[in-house]
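Work through the exercises below with the model open. Each task is followed by a solution in steps.

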Amino acid sequence: MLLVTSRESKRWVIPKGNPQAGTPPHIAAAVEAEDEAGVVGVVCPTPLGSYRYRKRRGSGASLMADVDVFPLAVSDELAEWKEQSERERRWFSLAEAAECVEEPDLRDLIRSFGASEFNKAAQRDMLSIVAEKSKVGPMFAWFQRLLPKTGGFFELFEAHAVALVAAADATGRLFQGTGKSADHIREIYEREHDADEIIRQTLKEVRQTFLTPFDRGAITSLIGAMDNAVDEMQASASAVDLYQIRTFSPEMRDMAAIIVDAARLVAEAMPLLRDVARNGGRLHELTERLVRMEGHADEIHSAGLKSAFERHRDGKPIEFIVEREIFKHLERIADAFEDVANQIDSIVIDHA
């Protein structure tokens with residue numbers, strides 16, 4: 001996580017500022033990040049949460065201020081920026097960043113963003129735990145070696161999540177209009193190919209493995225939902241390439257930003273499945289956020305379609321049809337992430 005120093009006290013803070021009239025809050029936050037920290041990227045319109053702090057005004061009064069916090073996936077660090085001479089910027093681990101800020105609520109937000117302790121999921125399988133508790137170690141170890149392998153499903157889940165995040169990042173860059181669109185489209189295709197290879201390996205493991213960590217249907221449903229998200233990213237990239245679209249509406253960019261953050265949440269969830277009983281609470285927090293983000297994406301989708309119709313209602317039906325198709329693919333990606341959340345919840349219910 002990137003923090004900057006404040007102008008006067010030089011304490012570590014996140015970039016922030018007063019909302020600009022007529023500007024959506026997340027866009028205003030991205031402007032502040034560029035001005036104060038010299039970074040640009042994809043900003044998700046769904047806030048992580050909010051915190052309060054006391055701000056001293058020019059009049060001398062010290063008043064409480066409420067801050068909404070939006071996640072921004074940094075794609076570029078500028079060599080020069082507006083407030084470069086007034087602030088220091090530095091990357092921290094999440095744990096270090098939480099310790100550096102003074103506001104308790106902000107500290108909690110940083111920790112909830114992706115608490116490292118949840119990513120250290122237990123590696124032991126259920127048979128080993130049973131052996132330990134029943135105190136029949138040597139005998140049980142001999143018996144366990146006779147059983148078929150339980151498959152590398154967790155590694156496959158996590159590998160697919162890597163491809164998913166990479167495809168989402170490329171999708172975000174494509175819809176933000178940064179760099180060459182052809183490069184982003186090509187990367188999405190390549191990541192989709194990687195994801196296909198992983199899901200084929202998963203289905204092969206399901207057929208050949210005697211003992212699986214979850215029900216076979218749960219395994220195929222979960223990785224299938226993840227793969228659907230990547231497939232729809234490729235479909236959206238294909239439509240952009242086919243219609244040679246180079247500029248995107250604010251609503252499209254916002255939906256793409258939600259997709260980037262949703263992929264990050266899925267990537268955090270995958271290692272936690274190694275020990276569902278211990279990590280059930282955190283998994284539920286992540287899936288709850290995914291569902292909330294999908295609902296926000298639906299609202300943006302409706303607003304975007306309405307705006308497109310108003311722009312093209314007088315003699316530009318083709319342009320509206322093209323925009324509607326792009327929105328359709330973006331909505332399907334968001335729906336696929338909600339399906340991933342539902343599949344994770346089902347596993348938690350069955351095993352936590």
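**Exercise 1. The chain as a whole**

How many helices and strands does the protein chain have? Then describe its burial, its contacts and its surface.

Solution. The model is a predicted one. Counting the elements gives 12 helices and seven strands in the protein chain. For burial, the chain has 352 residues, and 45% of them are buried. For contacts, take those between residues at least 6 apart in sequence: 74% of these join residues at least 24 apart. For the surface, the exposed area of the protein chain is about 18000 Å², with 52% of it supplied by carbon and sulfur atoms.

**Exercise 2. The surroundings of His26**

Place His26 in its helix, decide whether His26 is buried or exposed, and find its side-chain partner.

Solution. Start with the element: His26 belongs to helix H1, which covers residues 25–37. Next, apply the cut-off for burial, which is under 20% relative accessible area. His26 has 5% relative accessibility and therefore counts as buried. Now leave aside the neighbours within four places in sequence; the residues in contact with His26 are then Val43, Cys44, Pro45, Phe70 and Asp254. Asp254 also takes part in a polar contact, which joins its side chain to that of His26 at 2.6 Å.

**Exercise 3. Tyr51 and Tyr53**

How many aromatic pairs does a search of the whole structure find? Classify the pair formed by Tyr51 and Tyr53, and identify the residue over the face of Tyr53.

Solution. The search finds five aromatic pairs. One of them is formed by Tyr51 and Tyr53, with 6.2 Å centre to centre and 35 degrees between the planes. Stacked pairs need planes under 30 degrees apart and edge-to-face pairs over 60, so this pair is tilted. Both Tyr51 and Tyr53 are buried. The face of Tyr53 has Lys16 over it, at 5.0 Å from the ring centre.

**Exercise 4. Phe309 and Phe320**

Classify the aromatic pair of Phe309 and Phe320, locate both residues, and assign each a burial class.

Solution. The ring centres of Phe309 and Phe320 are 5.8 Å apart and the planes make 75 degrees, which is edge-to-face. Phe309 lies in helix H11 (residues 276–312) and Phe320 in helix H12 (residues 317–351), with the two residues 11 residues apart. For the burial class, Phe309 has 39% relative accessibility and so counts as partly exposed. Phe320, by contrast, is buried because its relative accessible area is 17%.

Key
Residues are numbered from 1 along each chain as its sequence is written. This is a predicted model: local features need pLDDT of at least 70, side-chain atom pairs count only at pLDDT 80 or more; totals for chains, interfaces and linings use all residues. Side-chain values use heavy atoms; hydrogens and water are left out. Helices (H or I, at least four residues) and strands (E, at least two) are DSSP runs, numbered from the N terminus. Buried means under 20% relative accessible area, exposed over 50%, partly exposed in between (1.4 Å probe, protein chains only). A polar contact is a pair of N or O atoms within 3.5 Å; within protein, one must be able to donate a hydrogen and the other to accept it, and residues adjacent in sequence count only if both atoms are side-chain atoms. Contact means heavy atoms within 4.5 Å. Rings of Phe, Tyr and Trp (its six-membered ring) pair if their centres lie within 6.5 Å; planes under 30 degrees apart count as stacked, over 60 as edge-to-face and the rest as tilted. A charge sits over a ring if NZ of Lys or CZ of Arg is within 6 Å of the ring centre and within 35 degrees of the ring normal. Accessible areas come from the Shrake-Rupley method with a 1.4 Å probe; for residues, only the protein chains shown count as cover.
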